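User: Please show me how helix geometry and packing are read from a model.

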Amino acid sequence: MKAVISTIAPPLKSIGTEITLKWLYLKKIRTNPSLETISEIEMAKILVTGAKGQVGRSLQTLSALWPEWKFSFTDVQTLEITDKEAVEAFFDATPFDFCINAAGYTAVDQAESEPELAKAVNVEGPRVLADTCRQYGTTLLHISTDYVYH
């Protein structure tokens, strides 16, 4: 499996993003062990939330290196991840193979003055995505921070 990793992932600037994309490849290969090379992996549809954040922007830039996959990038204006009905409608319109949740409330200092919003984005949003992904058979990859919100 290590040989597959080294042959399918180009050198990337962001180690976290590199790991994310390698994980998606490995997930595809693991679910179909007969796959040997990148050319044998069918086009995957990938939803990326939090497209205006640091990880989301990195994934947008790097998506050009993966033309065989169709990326859909969203932010809070295009998909409110805390709204279950909106998320389900989005999945109804486009079924996804993978969902990378890079959305998050990251203004740590403001979290104390906006605890409800921080909790909604960092707790309820991922829960809605997890439930929806389970319902639609989509693999969810949640990216988070080491900060803890109460």
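User: What should the 22 residues of α6 span, at 1.5 Å a residue?

Analyst: The expected span of a helix is 1.5 Å times one less than its number of residues. For α6 this gives 32 Å, and the end C-alpha atoms are 30 Å apart, which agrees. Helices are DSSP runs (H or I, at least four residues), strands likewise (E, at least two), numbered from the N terminus. This is a predicted model, in which local features need pLDDT of at least 70 and side-chain atom pairs count only at pLDDT 80 or more, while totals for chains, interfaces and linings use all residues. Residues are numbered from 1 along each chain as its sequence is written, and side-chain values use heavy atoms, with hydrogens and water left out.

User: Where does α6 bend?

Analyst: A bend at a residue is the angle between axes fitted to the seven residues ending there and the seven starting there. α6 bends by about 30 degrees at E124, and the proline P126 follows within four residues. After α6 comes G137, with a positive phi near 70 degrees.

User: Which residues of α6 are buried?

Analyst: Buried means under 20% relative accessible area (exposed is over 50%, partly exposed in between; 1.4 Å probe, protein chains only). In α6 these are A118, V121, G125, P126, V128, L129, T132 and C133. They pack against β1, α4, β3, α5 and β4, where contact means heavy atoms within 4.5 Å.

User: Which residues of α4 meet α6?

Analyst: K84, V87, E88, F91 and D92 in α4 do so, and their partners in α6 include V128, L129 and Y136.
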